[in-house]
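Grab a coffee and work through these exercises with the model open beside you. Each task comes with a solution that you can follow step by step.

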Amino acid sequence: MSSGSPSSPSAGDGSTSPSNGNPVPRPREKIPGYIFGDVIGTGAYAKVRRCYSEKFKSNVAVKIVSKKSAPKDYLSKFLPREIQCIHKLRHKNIVRVLEILETERSMYIVMQEAEKGDLLDFINANHRKIAEKDAKIYFQQILEAVEHCHIKNVVHRDLKCENILFDKDMVIKLSDFGFARTINPENCQLKTHCGSLAYAAPEIVKGKDYDGRISDVWSLGVVLFAMVNGKLPFNDTSVKNLLTAINKGITFQSNVSEACRDIITAMLMTDTGRRAKIKDLLKHAWFDPDASSPYRSCSTPSPREMDVARDEKHFIKTPNPSPASTPRGTPEHQQPLVMNSDVSDSSTPGPYHTANESSGEFSGSDQMST
Ligand SMILES: Nc1ncnc2c1ncn2[C@@H]1O[C@H](COP(=O)(O)OP(=O)(O)O)[C@@H](O)[C@H]1O
Ligand SMILES: [Mg+2]
């Protein structure tokens, strides 16, 4: 990620025509009232540039989608949904969209800039470990952002460390609603399989219809696991191997507290009926330093259900963490946390269509079930 600042107006449009015979640089995007600066992020179909906005009198982040190069179904389906969803959301922990502009060539989503980058870079910059006391602060904000989405009947469907940003004061800003959609809260059975494979809930990986709110909770479990363990719980590039890894279960680093293990386990329940709800997660004892038992305010209210939850916790423990993303030749504590791509496994029957393997996004058919 680059850290430059917006260029001056003359340099910013990049369209100077030197008379010395040197090649003429390709003209950069140009919209009135904006001075374009460096690229601060690159996504599947978009480039994000830091710009100075004369109207807002500040730097902003502008997500630029080229109508020429982006796929048709992205432009006709996912981009309109992204715009519809972001209009419904206003929360202190969600990136604020300031305006949306369109030219013949491009769409421009003008956003508040999250100056401190994304959670993935933050984990890597902190030697792949965020102290639990800090993880609690960030994760509570992440939960509140996702809870707000669900209250507004929006499911995110691409929750991952790269889409969780920090502003200049290290306040969480959830971003990238490129796979989000609105839902009918009474009947939220979705069919599109999107997101990043390593963060995808097992019901999605298996190609079942799913409730996006419940599947978002699974991805949140993967995010928190990555924050406190410095690696992904399940990181495989094939659907078949990923499901095997999920069935084997997770292994925590030895220093992860019991309460933290419990809240992660509550999110990584393969049984969707028993997976924790966000409102219960926000009351979980991990957030309460005075709690006597980590199970006190977990999502499973009756003592009988709590026993079952504990049993499952033991059941899903496994001695072998997924090594898939670890580059060779570097001591483990120095290796970056690589958020892996999604590659559909042709040997596994299923609904996968890899929309863009290099970007880590995949999507399939998309309809609400009746
Ligand atoms: N508001 C923002 N402030 C700072 N960086 C941003 C902002 N929005 C996006 N980015 C950067 O650009 C990258 C790509 O943007 P994103 O919206 O996630 O696109 P995509 O849908 O293609 O993944 C992000 O991972 C992040 O690094
Ligand atoms: Mg993204």
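Let's warm up with one strand pair: S3 and S5 run antiparallel and are joined by seven bridges. This is a predicted model, where local features need pLDDT of at least 70 and side-chain atom pairs count only at pLDDT 80 or more, while totals for chains, interfaces and linings use all residues. Residues are numbered from 1 along each chain as its sequence is written, and chains are lettered from A and ligands numbered from 1 in the order in which they are written.

**Exercise 1. Work out the strand order of the sheet that holds S3 and S5, and find its edges.**

Step 1: Settle the terms. Strands are DSSP runs of E with at least two residues, numbered from the N terminus (helices are H or I runs of at least four). Two of them pair if DSSP finds at least two bridges between them.

Step 2: Lay them out. You get an open sheet of five strands, S1-S2-S3-S5-S4, with antiparallel pairing. S1 and S4 (97-102) are the edge strands, as each pairs on one side only. From one strand to the next, the twist averages 25 degrees (axes are lines fitted to C-alpha atoms, and angles run from 0 to 180 degrees between N-to-C directions).

Step 3: Check a residue pair. Val 60 sits opposite Gln 112 in S5.

**Exercise 2. Trace the neighbours of S2 on both sides.**

Step 1: Start with S1. Six bridges tie S1 to S2, antiparallel, and the two make a hairpin with three residues between them. Here Thr 42 has Lys 47 in S2 as its bridge partner.

Step 2: Turn to S3. S2 and S3 pair over eight bridges, again antiparallel, and Lys 47 stands opposite Ile 64 in S3. This hairpin has four residues between its strands, and Lys 57 takes a positive phi near 50 degrees there.

Step 3: Ask how covered S2 is. Six of its eight residues are buried, meaning 20 or more other C-beta atoms, placed from the backbone, lie within 10 Å of their own.

**Exercise 3. Say where ligand 1 lies, and why.**

Step 1: List the neighbours. There are 22 residues around ligand 1 (C-beta, placed from the backbone, within 6 Å), and Gly 41, Gly 43, Val 48, Ala 61 and Asp 176 come nearest. S1 (34-42), S2 (46-53), S3 (58-66) and S5 (106-112) each give two or more residues to this shell.

Step 2: Bring in the domains. Domain 1 (12-19 + 26-112) and domain 2 (119-353) both contribute to the shell, so ligand 1 lies between them.

Terms used. Domain bounds come from an automatic or database domain assignment. A residue is buried if 20 or more other C-beta atoms lie within 10 Å of its own, exposed if 12 or fewer, and partly exposed in between; C-beta atoms are placed from the backbone.
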